Amino acid sequence: MGLLDDKVVLVNGGSQGVGAAVARAAVREGALVAVTGRRPEPGEALVAELSAAGGTAMFVPVDLADAEQAKASVTGTVAAYGRVDCLVNSAGLTSRGTLLDTTPELFDQHIAINLRAPFFAMQAAVADMRAREAPGTVVNIITSSAHGGQPFLAPYVAAKAGLAGLTRNAAHAHRFDRIRINGLNIGWTATEGEDATQRAFHGAGDDWREQAAARLPMGRLGQPDEIAEFVVFLLSDRSGVVTGSVIDWDQNVLGGLD
């Protein structure tokens, strides 16, 4: 039996990167999966891939910057599958800004994607779980930068640090509903989005991954598939009663100094 047999798993921001890796891992573990994204092409391609492999998957086109659409990601999944057992909030905006040059517009974009969307997706998912008096699990993909981060990540850090606090708050509020809510502070990860960010904001060339890996303790960036396996563990009963944990999934040690 798979860790997620017959569970309905919604992966917001699931059409690429870590979210797509989570969708693949969830299907391998027996889940029925819904993935969301703004662009239909990668989402539909992923669903076709998962279906061809024998899985059950659907794509829900939503713009998570709109709170109503964030909630609709859940209600659309419930309409198709009858329920949501597990929610993964993996969408993330990583555009750069410092304390001094971030505009109100950029700040609001980060809040909308990195904090408000998970808030209202969780609101809808928890409401569905409570209405059915059923247990459920949520995993929020956060960032190790939520502890402080680089100066050029000011609005990103502000929003993701808020998500870390929200994760703990919601977990505490709904522990007696048997709804477990946890988060992962992931480190530098090799994704399509990170590739685009490095090229757009840092003038990176084709060898940026190799250069970055050479500076890291383990000699490589984190991989989406590795993170996905850990997310599936947290979604599953295998992780027991754990809730309200925000886990540092990184190769750098918080507070460690040389």
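The following exercises, with worked solutions, concern a predicted model.

**Exercise 1. Describe the place and the exposure class of histidine 147.**

Solution.
Step 1. Histidine 147 lies in a loop, with strand S5 (136-141) on one side and helix H5 (154-173) on the other.
Step 2. The relative accessible area of histidine 147 is 42%. The class between buried and exposed runs from 20% to 50%, so histidine 147 is partly exposed.

**Exercise 2. Identify the residues that histidine 147 touches, leaving out those up to four places away in sequence, and state which side chains form polar contacts with its side chain.**

Solution.
Step 1. With residues up to four places away excluded, histidine 147 touches Asn185, Asp248 and Leu254.
Step 2. The side chain of asparagine 185 is joined to that of histidine 147 by a polar contact of 3.5 Å.
Step 3. A polar contact of 2.9 Å links the side chains of histidine 147 and aspartate 248.

**Exercise 3. Classify the packing of helices H4 and H5 by angle, and give the handedness of their crossing.**

Solution.
Step 1. Helix H4 (residues 104-131) packs with H5 at an angle of about 15 degrees, and their axes are 8 Å apart.
Step 2. Angles under 35 degrees count as roughly parallel; therefore H4 and H5 are roughly parallel to each other.
Step 3. Their crossing is right-handed.
Step 4. Residues making the contact include Leu106, Phe107 and His110 of H4, and Pro155, Tyr156 and Ala158 of H5. By class, the residues of this contact are 13 nonpolar, three polar and one charged.

**Exercise 4. Determine whether proline 224 is buried or exposed, and list its contacts beyond four places in sequence.**

Solution.
Step 1. Proline 224 belongs to helix H8 (residues 224-235).
Step 2. Its relative accessibility is 12%. The limit for the buried class is under 20%, so proline 224 counts as buried.
Step 3. Apart from neighbours within four places in sequence, proline 224 is in contact with Gly17, Val18, Ala21, Thr189, Ala190 and Thr191.

**Exercise 5. Classify the packing of H1 against H8 and characterise the residues in the contact.**

Solution.
Step 1. Helix H1 (residues 17-28) and H8 pack at an angle of about 55 degrees, their axes being 8 Å apart.
Step 2. H1 is therefore oblique to H8.
Step 3. The crossing of H1 and H8 is right-handed.
Step 4. Among the residues in contact are Gly17, Val18 and Ala21 of H1, together with Pro224 and Asp225 of H8.
Step 5. The contact of H1 with H8 comprises ten nonpolar, one polar and three charged residues.

Terms used: Residues numbered from 1 in each chain as written. Predicted model: local features only at pLDDT ≥ 70, side-chain atom pairs only at ≥ 80, totals over all residues. Heavy atoms only, no water. Helix = DSSP H or I, 4+ residues; strand = E, 2+ residues; numbered from the N terminus. Buried < 20%, exposed > 50% of the residue type's maximum accessible area, 1.4 Å probe, protein only. Contact = heavy atoms within 4.5 Å. Polar contact = N/O pair within 3.5 Å; in protein donor to acceptor, adjacent residues only side chain to side chain. Axes fitted to C-alpha atoms, helices over the stretch in contact; angles between N-to-C directions. Parallel < 35°, antiparallel > 145°, perpendicular 65-115°, else oblique. Left-handed = near helix turned anticlockwise from the far one by under 90°. Nonpolar A, V, L, I, M, F, W, Y, C, P; charged D, E, K, R; others polar.
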